[in-house]
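Thanks for making the time this morning. I would like to walk you through a few local details of one model, and I will take them place by place.

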Amino acid sequence: MKVLSPARVAFSLAMLGSLLALALLLAVVSGASALPLSEVWRALIGDDATPAAADIVLRVRLPRALLGMAVGASLAVAGVLFQALLRNPLADPFVLGVSGGAALGGILVLALGSSFGLGYAAVPPAAFAGATLTTLLLYAVAGVRGHVSSTHLLLTGVVFNAFASAAIVFLASISGLTESSNIFLWLIGSLSAIRAEVTGWVVFFLVAGLACALPMARGLNLLALGEESAQQLGIDVERQKRLLLLATSFMVGAAVSVAGLIGFVGLIIPHLLRLVLGPDHRLLVPAAALGGAVFLVVCDTAARTLPGGRELPVGAITAVAGGPLFLWLLRRQQRRVFAP
Amino acid sequence: MLAVFLILAVVASAAAEEPERLRIVSLNPSLTEILLSLDAADTLVGVDDYSARQQPSVAELPRVGGLFSPNLEAIVALEPDAVVVVPAAQQRDLGERLEQLGIRVVSLPNHRLEEVLTSITELGALVDRDQAAAARVAVIRRAVAESRSATAEAPHPRVVMVIQRDPLYVVGGGSYLHELLDVAGARNIAAGFSEAYPRVGLEWLLAAAPDVILDASPDAAQAEAYWSRWPSLPAVRANRIVVLSASAWRPGPFLEQSLQLLADALRPTELRVAP
């Protein structure tokens, strides 16, 4: 295994940072409307661009890229943390049912909200409330006398997710045509609802999650040896797990509540980075933030740059790009393990 | 022996009934509306949930489920002579299964203007109200012809009709609404999309710069606040956002009214007095 030196951390993060800068540049210069580069530049420096060009660059492309960065980073970091905490390589941000809870909260409002005078604006808060309630429920069900077993957490999460999808199908079947198509769209996940104020929330929970996770990165490395060993090596496993699971759930809840369910980011980015950078969480956690941001910004740029002005939900792109990539990674890992 | 008696009893009771009345189950609100407009309410014996929601006069009829969940048993139990449907992937093989059970299925697509007119004619033939149907179709055709000639010389504003804002869905070239817009003298900027209701990006809309935005999305109350955020749109600057109620885009029997609504919405607002 490669040794983690400060120089290697700095180099890896600088590389990912440059990739992110490139992705941001790509996002700002490309779009459905084929603005000339000169016009994009004039809009960026505030020099006499046409109002439409200024709106397109500064109020459509840029905020959407920023939201994509925040959501992608949140999902990828959550993936790394869940995989470490649950010691399960298949864990992704949605595995604990947090996404199901968020979806259920949001969709309750989409399906029934109009009868209570709640509009589309009430969906993100409801989704976030759903995520929070699910987290609390998970602890109540899976925790026994202050101890939270990973297996119980996983099982509870999987069952809750199944319950949530069934409830969503039920709500979609009893609601009207527009409501049910809204539900369907929300489930695929998209960044098209660009409002600057929601990005702030996602960033807030991302920063809080990173602030919790980075100091504990060494503990996460030890957790890979098993909970007992980590305990013996002086890690307060229960406290760490509780705190990190909570922080991660909030992070996922915030991301899902503004963007819906965007799959594969939280599964594929951690695995890809682990393959390239090694399993040390001191590097893996910040690298996942940058890598997730790059991946989602690039996918979303593709989603809104189709010829003719058509738009795809970004969740469709991440799944189409992520599925095969994940299988390829898996093959590679297997070869490596079983190589003579 | 008992079976024979039972069959005889059923046959006898059927024969004793009043003059034969067609029994129809409608699985689509627009088709229900067409039947009602042809004065054929007495033929309806069951409707889908959406019909019941939109048409108070059939709200009391037995329901047979929603778009995603039509209930085969509930339909069969009503012993219909015919089930009228708009072909939709969501209903899977419902039509086939009904036909296997010996129930006539009348399948009427309604994306294009001509298809809606055909639906009216066919339903008229089904319930023996051909004349009423022909009259209805004639009213719509006349309104179309008049509108076309009235707007031929007038300027053709570049228009987009939004049916949902978030995410953004508009009326594309494949919809009867596109045809009505065209008839009403508008140039639909989304005509290039072949499907009926394409999903588009906000960037496309900003770059296409429509003169008029017809907003028929479900939450009408939010329309003004939403569009006022994009003052670079010519339609916003010129204050030409028109909020339409959802009923304006039902492919039903009163398309001339939808056309009238569109024509009113498109009329230039030069007479507006500045505050």
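**Surroundings of a serine in chain B**

Leaving aside residues up to four places away in sequence, B:Ser26 touches B:Leu31, B:Thr32, B:Leu44, B:Gly46, B:Val47, B:Asp48, B:Ser51 and B:Val84. Before I go further, please keep in mind that what you see is a predicted model. B:Ser26 sits in strand 1 of chain B, the strand that covers residues 24–26, and with a relative accessible area of 0% B:Ser26 is buried, because anything under 20% falls into that class. One of the neighbours I listed, B:Thr32, deserves a second mention, since the side chain of B:Ser26 makes a polar contact with the side chain of B:Thr32, at 2.7 Å.

Let me turn to a pair of helices in the chain B part of the model. At what angle do helix 2 and helix 6 of chain B pack? Helix 2 spans residues 29–37 and helix 6 spans residues 113–126, and the two pack at an angle of about 55°, with their axes 10 Å apart. Helix 2 of chain B and helix 6 of chain B are therefore described as oblique to each other, and in passing helix 6 of chain B, helix 2 of chain B makes a right-handed crossing. On the side of helix 2 of chain B the contact is made by B:Leu31, B:Ile34 and B:Leu35, and on the side of helix 6 of chain B by B:Ser119, B:Ile120 and B:Leu123. Sorted by character, the residues of this contact come out as five nonpolar, one polar and no charged.

Staying with helix 6 of chain B, I would also point to B:Val116, which is found in that helix and which, at 0% relative accessibility, counts as buried. The C-alpha atoms of B:Val116 and B:Ser30 are separated by 9.2 Å, although these residues are 86 residues apart along the chain. Again not counting residues up to four places away in sequence, B:Val116 touches B:Asn110, B:Pro251, B:Gly252 and B:Leu255.

My last stop is in chain A. Is A:Ser257 buried or exposed? A:Ser257 belongs to helix 11 of chain A, which runs over residues 237–259, and its relative accessibility of 6% means that A:Ser257 counts as buried. With the same exclusion of residues up to four places away in sequence, A:Ser257 touches A:Pro124, A:Ala127, A:Phe128 and A:Trp186.

Methods. Residues are numbered from 1 along each chain as its sequence is written. Chains are lettered from A and ligands numbered from 1 in the order in which they are written. This is a predicted model: local features need pLDDT of at least 70, side-chain atom pairs count only at pLDDT 80 or more; totals for chains, interfaces and linings use all residues. Side-chain values use heavy atoms; hydrogens and water are left out. Helices (H or I, at least four residues) and strands (E, at least two) are DSSP runs, numbered from the N terminus. Buried means under 20% relative accessible area, exposed over 50%, partly exposed in between (1.4 Å probe, protein chains only). Contact means heavy atoms within 4.5 Å. A polar contact is a pair of N or O atoms within 3.5 Å; within protein, one must be able to donate a hydrogen and the other to accept it, and residues adjacent in sequence count only if both atoms are side-chain atoms. Axes are lines fitted to C-alpha atoms, for helices over the stretch in contact, and angles run from 0 to 180 degrees between N-to-C directions. Angles under 35 degrees count as roughly parallel, over 145 as roughly antiparallel, 65 to 115 as roughly perpendicular and the rest as oblique. A crossing is left-handed if the near helix is turned anticlockwise from the far one by less than a right angle, and right-handed if clockwise. Ala, Val, Leu, Ile, Met, Phe, Trp, Tyr, Cys and Pro count as nonpolar, Asp, Glu, Lys and Arg as charged, and the others, Gly among them, as polar.
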